[in-house]
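Trainee: I'd like to go through this one and ask what stands behind each label. Can we take it step by step?

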Amino acid sequence: MENLYEKLMHYSLGLLSKRAYTVQGIEDKLIIKARKFRDSSEEDAGEIIAKVIVRLKELSYLDDLNYAKRFVEERSRFRPRGRFGLTQELLKKGISKDILEQFWTSSDGECFDELSLAIEL
């Protein structure tokens, strides 16, 4: 029988094979999934979830900065929003303010042009 770490890692990889997630998004999903397994205590599950997330980051499957970049690119094409609206959406998805600040000051964030979006609308 698989242990909880293997089950949660397998579950995470399945989720990430379908779409990108933030660290917070995956953590929320793993908490729900871990509760379904009766053989694990609450403390053990929290530690194991943390280990799964660390491993996913090591493998570059979870990267909030990259997620923010892709999210802004997609939203700019399909549902344009200003910088404030995009920041609020990303905060709701669990992206930290530090990562958002890092994104907006990077070359990727600086290329975001609100004026051209406003003109198109």
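Mentor: Sure. Keep in mind that this is a predicted model. A good place to begin is the largest nonpolar core, which has 18 residues. Those with the most contacts inside it are Leu8, Ile26, Leu30, Val52, Ile53, Leu56 and Leu62. Helix H1 (4–18), helix H2 (23–36) and helix H3 (42–58) each supply at least two residues of the core, and the largest share, six residues, comes from H3.

Trainee: What makes a set of residues a nonpolar core?

Mentor: Two things: the residues are buried ones of the nonpolar kinds, such as Leu, Ile and Val, and their side-chain atoms join up within 4.5 Å. Take Val52 for its surroundings: leaving aside neighbours within four places in sequence, Val52 is in contact with Tyr5, Leu8, Met9, Ser12 and Leu30.

Trainee: Which residues does the second, separate core include?

Mentor: That core has ten residues, among them Tyr67, Leu86, Ile95 and Trp104.

Trainee: How do you know that Ile95 is buried or exposed?

Mentor: Buried means under 20% relative accessible area. Ile95 comes in at 2%, so Ile95 counts as buried.

Trainee: Where is Ile95 found, and what is it in contact with?

Mentor: Ile95 is in the loop between H5 and helix H6 (97–105). Not counting neighbours within four places in sequence, its contacts are Thr22, Asp64, Tyr67, Leu90 and Leu100. The C-alpha atoms of Ile95 and Val23 are separated by 7.9 Å, although these residues are 72 apart along the chain.

Trainee: How many helices and strands are there overall?

Mentor: Eight helices and zero strands, giving the pattern α-α-α-α-α-α-α-α along the sequence. Of the 121 residues, 33% are buried. Among contacts between residues at least 6 apart in sequence, 61% join residues at least 24 apart. The protein exposes about 8200 Å², and carbon and sulfur atoms supply 50% of that.

Trainee: On to charges. Why is the Arg55 and Glu58 pair called a salt bridge?

Mentor: The cut-off is 4 Å between a side-chain nitrogen of Lys or Arg and a carboxyl oxygen of Asp or Glu. The closest N and O atoms of Arg55 and Glu58 are 3.2 Å apart, and the pair forms a salt bridge. Both residues lie in helix H3, three residues apart, about one turn of the helix.

Trainee: What are the exposure classes of Arg55 and Glu58?

Mentor: Exposed means over 50%, with partly exposed between that and the 20% limit for buried. Glu58 has 53% relative accessibility, so Glu58 counts as exposed. Arg55 has 34%, so Arg55 is partly exposed.

Trainee: How many salt bridges does the rule give, and which residues share partners in a network?

Mentor: The count comes to three. One of them joins Arg75 and Glu89, with the closest N and O atoms 3.1 Å apart. Arg75 lies in helix H4 (residues 64–78) and Glu89 in helix H5 (residues 83–92), so the pair ties together parts that are 14 residues apart in sequence. Arg81 also forms a salt bridge with Glu89, at 2.9 Å between the closest N and O atoms. Through shared partners, Arg75, Arg81 and Glu89 become one network.

Trainee: Does accessibility put Glu89 and Arg81 among the buried, partly exposed or exposed residues; which class is each in?

Mentor: Glu89 has 15%, so Glu89 counts as buried. Arg81 has 33%, so Arg81 counts as partly exposed.

Trainee: What else does Arg75 touch?

Mentor: Not counting residues up to four places away in sequence, Arg75 touches Pro80, Leu86 and Glu89.

Trainee: Which residues make the nonpolar surface patch, and what lets Leu13 into it?

Mentor: Leu13, Leu59 and Tyr61 make the patch, about 260 Å² of it. A patch residue needs over 30% relative accessible area. Leu13, in helix H1, has 34% and counts as partly exposed, so Leu13 meets that cut-off.

Trainee: Last one: what makes the phi of Ser60 worth a remark?

Mentor: Most residues other than glycine have a negative phi. Ser60 has a phi near 65°, a positive value in a residue other than glycine. Ser60 sits in the loop between H3 and H4, and at 58% relative accessibility Ser60 counts as exposed.

Key. Residues numbered from 1 in each chain as written. Predicted model: local features only at pLDDT ≥ 70, side-chain atom pairs only at ≥ 80, totals over all residues. Heavy atoms only, no water. Buried < 20%, exposed > 50% of the residue type's maximum accessible area, 1.4 Å probe, protein only. Helix = DSSP H or I, 4+ residues; strand = E, 2+ residues; numbered from the N terminus. Contact = heavy atoms within 4.5 Å. Areas by Shrake-Rupley, 256 points an atom, 1.4 Å probe, with all protein chains shown as cover. Patch = residues over 30% accessible without salt bridge, like charges linked within 9 Å, V, L, I, M, F, W, Y side chains within 5 Å.
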